[in-house]
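Got your viewer open? Load the model and follow along, one selection at a time.

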Amino acid sequence: MCSCCSDMQKKLVSFGCSAFLILFAIILGTLWPSMSSKLLRDKLVIKNGSVNYQNWIRTPIPMYLEVYLFNWTNPEDLDKFPAVKPHFEEMGPYVFHEVHDRVNLQWNDNNTVTFNQRRTWNFEPELSRGSLDDTVTNLNVISLNAAYFTRDSSALVKFGVNKILEFYGSLVWEKKPVRKLLFEGLDDPMLELLKSLNTSKINIPFDKFGWFVDRNLSDTYDGSFTMKTGADSLENTGMLTLWNGESNTGMYRGECGEVRGTTGELWPVSHNLKTNVTIFASDVCRSLTLQYGEQITIHDVEGSKYVGDERVFDNGTMFPEAACWCNSDHCPDVKSGVFDASACKYGSPTFVSYPHFYLADPSYLDSVSGLSPNKSKHQFYIAMEPHTGIPLDVRAQLQINMHMQPIKGYKMYDKLPNMMVPMMWFTQRATLTPELADQAKMALVLPALGIYIAIFFGTTGTILVGVFSYICIRKWSSQVPYEELLR
């Protein structure tokens with residue numbers, strides 16, 4: 001404080017500074033909740049330049065696709081079923097680094113954005129157990145589909161299909177390289193035959209068969225998505241309203257056909273830790289609702305874990321509200337734990353379950369050998385920080401099964417057992433990095449940061465007022481004669 005100032009000026013300056021600190025603390029404490037909410041909203045709403053936009057436009061969390069294939073070791077004993085069960089050995093994982101880019105963005109007037117999703121996969125041999133040149137034996141999917149698609153056709157069509165199968169020496173099973181079964185695809189004359197048939201029941205848009213054929217680097221394979229940006233409410237951030245321009249897939253009955261949930265990488269802000277969450281999985285053209293499980297902590301960020309339970313792949317057997325997932329004339333058409341995805345797979349007898357028939361009806365597991373469901377390995381779950389919607393840990397795991405069944409009119413399939421054959425299972429895994437964890441921590445402390453600052457300045461100002469008052473009183477009392485104090 002300046003030496004040329006009088007005592008009165010010094011006192012006024014001291015009390016003025018203290019009063020300013022107290023006033024600043026009051027104003028900051030009053031205005032900060034709304035200020036912090038705006039700051040947080042600007043970070044989390046999906047708009048060009050926001051933190052959430054940058055994390056959404058290209059997923060920053062390292063993501064991997066792990067693929068496991070089932071090798072059928074005794075297909076020649078199929079005619080001995082059920083005395084000899086089909087035995088399967090798990091091959092893999094074959095690991096691919098996965099990147100998601102959002103492209104073809106169209107911002108809409110109703111606080112939504114329409115976009116396509118481009119997925120890129122690159123093989124990671126050092127993380128894999130095996131080579132893409134490995135060979136695996138399992139069902140001949142193309143031949144099975146040829147017989148299944150034409151099961152109600154005329155005798156002439158069946159005669160032609162039988163002749164083609166015999167000419168090419170097709171068997172119920174086949175042995176093929178992993179790379180062909182995954183991304184490169186298999187050529188087969190049966191595909192050309194099926195595409196040439198003049199029927200609305202068969203609509204095959206690809207020229208080769210492979211579980212991921214035509215998907216790598218495709219902007220259109222997953223379809224177009226329309227989602228809420230959160231501009232109207234952060235509790236709507238990432239919620240889908242349309243898929244391929246429609247609010248209903250048209251593939252399942254009632255509310256089961258509705259487009260609901262998020263794409264799984266962007267979540268709305270929620271303060272209700274124990275609510276359920278819903279993902280819309282374009283791979284199976286439907287939503288998956290996960291149940292609250294427990295609280296977990298990753299890199300000192302606490303989050304809620306949501307798991308897939310028996311409800312996800314039930315069709316009314318255990319949970320009546322799930323009956324709309326059944327499209328058959330006689331429902332339920334399959335036992336619980338296996339979902340009929342044929343409507344999403346061009347009519348192919350494709351069924352989805354958790355890996356190794358985890359949580360499925362025991363009959364599926366009893367019809368084969370070599371599978372061993374395990375909760376720690378095969379549970380489907382997503383963990384997120386609920387106040388920001390940031391994903392912490394993801395294990396999205398599904399198994400693809402083909403329905404092997406007797407098909408009249410075909411020598412190969414006439415006497416086959418009726419059973420679900422596991423073909424492959426995959427997991428998409430992603431875990432929060434320490435750098436993104438720091439972003440989450442900053443967003444979490446933001447609402448309280450201003451209050452702490454206000455408390456600090458308010459406390460400092462109050463202490464200074466007290467100190468200055470004490471000093472002034474002491475100085476004043478020392479200058480007053482003792483006799484006057486006694487009066």
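A residue is called buried here when its relative accessible area is under 20%. Keep in mind as you click around that this is a predicted model.

**Stop 1: a helix on the inside.** Select residues 141–149, which make up helix α3. Nine of the nine residues are buried, so the helix is largely enclosed by the rest of the structure. Click through them and you'll pass Val141, Ile142, Ser143, Leu144, Asn145, Ala146, Ala147, Tyr148 and Phe149.

**Stop 2: aromatic rings.** Now show the aromatic side chains; the count comes to 24 aromatic pairs. Start with Phe96 and Phe123, a tilted pair with 5.3 Å from centre to centre and 55° between the planes. Phe96 sits in strand β2 (residues 88–107) and Phe123 in strand β3 (residues 112–123), so the pair ties together parts that are 27 residues apart in sequence. Phe96 counts as buried, at 3% relative accessibility, while Phe123 is partly exposed at 25%.

Next, pick Tyr252 and Trp325. Their ring centres are 5.2 Å apart and their planes are at 70°, so this pair is edge-to-face. Tyr252 comes from the loop between β7 and β8, and Trp325 from the loop between β10 and β11, 73 residues apart. Both Tyr252 and Trp325 are buried.

Then go back to Phe96 and Phe123 and add Trp121, Phe183, Phe212 and Phe426: together they form one aromatic cluster.

**Stop 3: charges over rings.** Select Arg286 and Phe339; the arginine lies over the face of the ring, at 4.5 Å from the ring centre. For another example, show Lys305 with Tyr381, where the charged end of the lysine sits over the ring, 4.2 Å from its centre.

**Stop 4: the nonpolar core.** The largest nonpolar core has 111 residues. Good places to enter are the residues with the most contacts inside it: Trp56, Val67, Leu139, Trp211, Tyr413 and Met424. Zoom in on Trp56. What is it in contact with, leaving aside neighbours within four places in sequence? You should find Ile46, Arg102, Leu105, Val113, Phe115, Met227 and Leu266 around Trp56.

**Stop 5: the cavities.** Finally, turn on a cavity display. The structure holds five cavities of 30 Å³ or more, and the largest has a volume of about 570 Å³. Its lining has 36 residues; select Met63, His100, Thr263, Gly264 and Glu265 to see those nearest its centre. Colour β14 (390–404) last: this strand supplies six residues, the largest share of the lining. Among the other elements giving at least two residues each are α2, β15 and α9.

Technical notes: Residues numbered from 1 in each chain as written. Predicted model: local features only at pLDDT ≥ 70, side-chain atom pairs only at ≥ 80, totals over all residues. Heavy atoms only, no water. Buried < 20%, exposed > 50% of the residue type's maximum accessible area, 1.4 Å probe, protein only. Helix = DSSP H or I, 4+ residues; strand = E, 2+ residues; numbered from the N terminus. Phe/Tyr/Trp six-rings, centres within 6.5 Å; stacked < 30°, edge-to-face > 60°. Lys NZ or Arg CZ within 6 Å of the ring centre and 35° of its normal. Core = buried A, V, L, I, M, F, W, Y, C linked by side-chain atoms within 4.5 Å. Contact = heavy atoms within 4.5 Å. 1 Å grid on protein atoms, 1.4 Å probe; cavity = no way out; pocket = protein on both sides within 12 Å on 5 of 7 lines; lining within 4 Å. Points joined across faces, edges and corners; volume = space filled by probe spheres on them.
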